[in-house]
Amino acid sequence: MATFNPNSKSLAQCIAEIEQFRISRNLDNKQIITSRDVPDLWKAKELAVSNVPGGFNKIILPFYTDGAATFYISSAGPYVKVPRHSHDEGNGIRIIMSGSIFWDGLELQASEWMYLKAGAPYEFEVGPRGVSIFYCYQCCCA
């Protein structure tokens with residue numbers, strides 16, 4: 001497996017992938033999109049993120065904010081470790097949807113969040129029940 005590098009794609013590259021997906025699925029003209037519009041998103045793989053730490057599954061959601069932020073959902077089983085890294089192109093936020101992560105001596109659980117300034121190095125380990133996380137980045141984390 002290649003070395004994990006969340007800075008391997010630019011925000012512009014990720015937005016281009018999202019736009020291509022939206023056009024291929026006839027989502028481009030919809031004012032409201034729900035998960036029901038793309039029920040096979042996890043299986044389809046077009047927006048799957050392959051550049052993730054081992055043990056994680058991650059997708060880009062099929063929308064973005066005026067070219068400023070992209071959105072993701074990821075999941076992992078218990079005790080998966082994410083190596084020290086940073087997101088250099090922009091700030092981000094992680095919201096724990098289920099399970100937990102251990103970061104800097106804290107266990108962040110469902111409904112808790114962490115804000116990341118661009119370039120801030122960090123690492124974490126998934127808790128004993130695994131984790132599902134929603135992300136928003138002002139960069140492309142792919």
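## Strands, rings and a greasy patch

Isoleucine 73 has phenylalanine 134 in strand 7 as its bridge partner. We're working with a predicted model, where local features need pLDDT of at least 70, side-chain atom pairs count only at pLDDT 80 or more, and totals for chains, interfaces and linings use all residues. Residues are numbered from 1 along each chain as its sequence is written, and side-chain values use heavy atoms, with hydrogens and water left out.

**Exercise 1.** Work out which strands strand 2 is joined to, and whether strand 2 is enclosed or not.

*Solution.* Start with the terms: strands are DSSP runs (E, at least two residues) numbered from the N terminus, and two of them pair if DSSP finds at least two bridges between them.
- Step 1: strand 1 (residues 56-65) and strand 2 run antiparallel, joined by seven bridges. One contact here is threonine 65 with alanine 69.
- Step 2: seven bridges also join strand 2 to strand 7 (residues 122-137), again antiparallel.
- Step 3: buried means under 20% relative accessible area, exposed over 50%, and partly exposed in between (1.4 Å probe, protein chains only). Six of the eight residues of strand 2 (residues 69-76) are buried, so the strand is largely enclosed by the rest of the structure.

**Exercise 2.** Classify the ring pair of phenylalanine 56 and phenylalanine 124.

*Solution.* Rings of Phe, Tyr and Trp (its six-membered ring) pair if their centres lie within 6.5 Å; planes under 30 degrees apart are stacked, over 60 edge-to-face, the rest tilted.
- Step 1: the structure holds seven aromatic pairs. In this one the centres are 6.3 Å apart and the planes sit at 85 degrees, so phenylalanine 56 and phenylalanine 124 are edge-to-face.
- Step 2: the pair links distant parts of the chain, with phenylalanine 56 in strand 1 and phenylalanine 124 in strand 7, 68 residues apart.
- Step 3: both phenylalanine 56 and phenylalanine 124 are buried, and Tyr122 joins them in one aromatic cluster.

**Exercise 3.** Find which rings lysine 58 sits over.

*Solution.* The test wants NZ of Lys or CZ of Arg within 6 Å of the ring centre and within 35 degrees of the ring normal.
- Step 1: the charged end of lysine 58 is over the ring of tyrosine 72, 4.9 Å from its centre.
- Step 2: lysine 58 also lies over the face of tyrosine 135, at 4.3 Å from the ring centre.

**Exercise 4.** Sort the residues of strand 6 into a covered and an uncovered face.

*Solution.*
- Step 1: in strand 6 (residues 113-116), Met114 and Leu116 make the covered face, while Trp113 and Tyr115 make the uncovered one.
- Step 2: strand 6 pairs with strand 4 in the antiparallel sense over four bridges, and isoleucine 93 stands opposite tyrosine 115.
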